[in-house]
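Subject: Structure handover

Hello,

Here is the structure I promised you. Please open it alongside this note; what I found follows below.

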Amino acid sequence: MTQPLTGLLKLQFIRYIIVGVLSALLEFSLLVLLVEFFGIPYLRGNFVAFFLVQIINYILSRHWVFQTNGSKKRVEFPVFMFFVVCGFLINQFGLWLFTERFGINYEVSKVVAIILVVIWNFVTRRLIVFKKIDSKNAL
């Protein structure tokens with residue numbers, strides 16, 4: 001790997017971590033707010049919190065982390081949403097599994113579920129969603 005590319009990947013990963021941490025904190029906070037303040041069941045609250053934060057995450061990922069231009073948005077957003085839904089299923093299943101089957105508090109279960117989805121998100125976004133396409137091969 002060439003030096004400029006290595007530096008770009010490091011910067012991209014650092015930005016990804018910043019956006020991810022902010023997203024995770026917001027998602028966790030929204031979940032707790034919905035459950036504790038509004039009395040919404042934790043799996044329903046997770047649905048709302050997860051998808052609200054993913055919209056914010058998409059905007060930040062597109063413009064600040066992976067810095068893609070508008071030429072691929074028609075393809076990029078549906079692909080992004082496909083992987084968001086997959087991430088949500090991982091998140092929801094992990095939250096349910098650790099809370100219902102292992103008896104762990106939903107807040108602790110949410111942290112574990114977030115970690116699983118962070119790994120999923122980076123791999124899919126880096127390799128598929130925001131992959132740089134050669135201008136000759138662009139859609």
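Start at one helix end. Asn105 caps the N-terminal end of H4. A side-chain oxygen of Asn105 lies 2.6 Å from the backbone nitrogen of Glu107. Bear in mind throughout that this is a predicted model.

H4 itself covers residues 106-129. Its 24 residues would reach 34 Å as a straight helix at 1.5 Å a residue. The end C-alpha atoms are only 30 Å apart, so the span falls short of that, with the expected value taken as 1.5 Å times one less than the number of residues. The buried residues of H4 include Tyr106, Ser109, Lys110, Ala113, Ile114 and Val117. Further along, Asn121, Phe122, Thr124, Arg125 and Val129 are also buried. For reading that list: an α-helix has 3.6 residues a turn, so residues three or four places apart point the same way.

Now the overall picture. The protein has four helices and zero strands. Along the sequence the pattern reads α-α-α-α. Of the 139 residues, 38% are buried. Among contacts with a separation of 6 or more, 70% are between residues 24 or more positions apart. The protein exposes about 8,400 Å², and carbon and sulfur atoms supply 73% of that area.

Next, the charged pair. The salt bridge count comes to one. Glu27 pairs with Lys110, and their closest N and O atoms are 2.3 Å apart. The salt bridge links distant parts of the chain: Glu27 sits in helix H1 and Lys110 in helix H4, 83 residues apart. Are the partners buried or exposed? Both Glu27 and Lys110 are buried.

Two other residues in H1 deserve a look.

- Ser23 lies in helix H1, which runs over residues 3-37. Its relative accessible area is 7%, so Ser23 counts as buried. The Ser23 side chain makes a polar contact with the side chain of Asn57, at 2.9 Å. Leaving out residues up to four places away in sequence, Ser23 touches Val53 and Asn57.
- Leu30 is also placed in helix H1. At 22% relative accessible area, Leu30 is partly exposed, because buried means under 20%. Beyond its neighbours within four places in sequence, Leu30 is in contact with Ala49 and Val53. The C-alpha atoms of Leu30 and Leu52 are separated by 9.2 Å, and the two residues are 22 places apart along the chain.

Note that Val53 appears in both contact lists, for Ser23 and for Leu30.

Best wishes

Methods
Residues numbered from 1 in each chain as written. Predicted model: local features only at pLDDT ≥ 70, side-chain atom pairs only at ≥ 80, totals over all residues. Heavy atoms only, no water. Buried < 20%, exposed > 50% of the residue type's maximum accessible area, 1.4 Å probe, protein only. Polar contact = N/O pair within 3.5 Å; in protein donor to acceptor, adjacent residues only side chain to side chain. Contact = heavy atoms within 4.5 Å. Salt bridge = Lys/Arg side-chain N within 4 Å of Asp/Glu carboxyl O. Areas by Shrake-Rupley, 256 points an atom, 1.4 Å probe, with all protein chains shown as cover.
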